[in-house]
Amino acid sequence: MKFGMVAIDEAEGCVLAHSIRVGGSAIKKGHVISRSDIAVLIAAGVGEVIAARLDTGDVAENVAARRIAAAIAGNGVSIAAAFTGRTNLHAAAHGVLTIDRQRLVALNSIDEGLTVATLHPHETVTPQQMVATVKIIPYALSEVVVRHAEELLAQPGSLLQVCPFTPHAAGLILTRVEGTRQSLIDKRVEVISARLRGLGSRVGDTVVAPHRDDAVNAALMRMAAAGLDPLLVFGASAIVDRGDVIPAAIVGAGGTVRHLGMPVDPGNLLLIGTIGLSTVIGVPSCASSPKTNGFDWVLARVLAGLSIGKAEIAEMAPGGLLTEILTRPQPRRG
């Protein structure tokens, strides 16, 4: 592509770089200059324009943006029409956005004229929400650059997709100790129920039990046998060790504790485990508040069918410092 000042009588077929007002109207930038445009411009006394002339082997900006967007979009992602070198991608479902970070960085490193911006990985999105935008900076990219991008994006797995939420019936176990107020239990049930409803799921059964491993164990076994999933255990006391009440109850029920703790605050004291086919989440106390915390991140991934374990939890560290919930028992600043 050649870019610069072009004599007006040689500008046919060039792409106008800057809008020009002629009389009461304007010829907008990005417009391909026609023979009739040239006549109008000459009559207005315009002798030259700043424009781009595409060479053989160049791909016009809108075509390039559309091709790259098509190669990016995976399941659950729709593509809008290209305009001014831009193509937007939108969620086609309510779910969790997944992004191949490594390939996204590699894609943006191919050529300075090719840019792709996205939302944060694993963000919860709704239908029609914009999740990414492809913007071609110049008026054209070379075919070599576009093909390089397409080859990178043709590797196994989608760079960008939305994993939809599927309806789940969850089991909710709340424990109590002497002095636990019924109002606190009721509030926790209400907040957890609202979170599930917001993601298209529901509470299938609720049990309030003493904060003992045998009582929690019995409730877990019954709910797992009933096919409830996930199993949410909201303890009266936070989980501080693998030998604590809730982890011991999971192991006693024949389950496995996959990970305890997470680099997300609020939400550090969260547990992930498994009993049979059911995922068990030890709910951190900050989930008593409706404000976003680490439990929301984990719950969304579970309801979208995404794996969650040590590696996935470790990846939550960048951006894991969330807004403080001042009402929690131990705020960051005492």
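Visitor: Why is glutamate 150 called partly exposed?

Guide: Its relative accessibility is 24%. The term buried is kept for values under 20% and exposed for values over 50%, with partly exposed in between (1.4 Å probe, protein chains only), so glutamate 150 falls in the middle class. This is a predicted model, in which local features need pLDDT of at least 70 and side-chain atom pairs count only at pLDDT 80 or more, while totals for chains, interfaces and linings use all residues. Residues are numbered from 1 along each chain as its sequence is written, and side-chain values use heavy atoms, with hydrogens and water left out.

Visitor: What makes arginine 67 and glutamate 150 a salt bridge?

Guide: A salt bridge requires a side-chain nitrogen of Lys or Arg within 4 Å of a carboxyl oxygen of Asp or Glu. The N to O distance in this pair is 2.9 Å, so the condition is met. Because arginine 67 lies in helix α2 and glutamate 150 in helix α4, the pair ties together parts that are 83 residues apart in sequence. Helices here are DSSP runs of H or I with at least four residues, strands are runs of E with at least two, and both are numbered from the N terminus. Arg67 and Glu150 also belong to a network of salt bridges that includes Glu143 and Arg147.

Visitor: How do you know that arginine 195 and aspartate 296 form a salt bridge?

Guide: Their closest N and O atoms are 2.5 Å apart, which satisfies the rule already stated. The pair links distant parts of the chain, with arginine 195 in helix α5 (residues 182-198) and aspartate 296 in helix α8 (residues 294-303), 101 residues apart. At 9% relative accessibility arginine 195 counts as buried, and aspartate 296, at 18%, counts as buried too. By the rule, the count comes to 9 salt bridges.

Visitor: Why are the buried residues of helix α3 said to line one face?

Guide: The buried residues of α3 (residues 101-108) are Arg103, Leu104 and Leu107. Seen down the axis of α3, they fall within an arc of 105 degrees, so they line one face of the helix; the arc is that of the directions from the helix axis to the C-beta atoms. On the other side of α3, Gln102 and Val105 are exposed.

Visitor: What covers the buried residues of α3?

Guide: The cover includes α2 (61-72), β9 (95-99), β10 and α4 (143-153), where contact means heavy atoms within 4.5 Å.

Visitor: How do you know that β7 and β8 are paired?

Guide: Two strands pair if DSSP finds at least two bridges between them. Between β7 and β8 (residues 86-91) there are 3 bridges, and the strands run antiparallel; hence the pair qualifies. Valine 77 stands opposite alanine 91 in β8. The open sheet has 4 strands in the order β7-β8-β12-β10, with antiparallel pairing.

Visitor: What makes β7 and β10 the edge strands?

Guide: Each of β7 (77-79) and β10 (114-118) pairs on one side only.

Visitor: What is notable about the phi of threonine 84?

Guide: Most residues other than glycine have a negative phi, and most peptide bonds are trans. Phi of threonine 84 is near 45 degrees, a positive value. Threonine 84 is found in the loop between β7 and β8 and is partly exposed, at 47% relative accessibility.

Visitor: Which bond joins aspartate 229 and proline 230?

Guide: A cis peptide bond joins them, with omega about 0 degrees. Proline 230 is found in the loop between α6 (213-225) and β17 (231-234).
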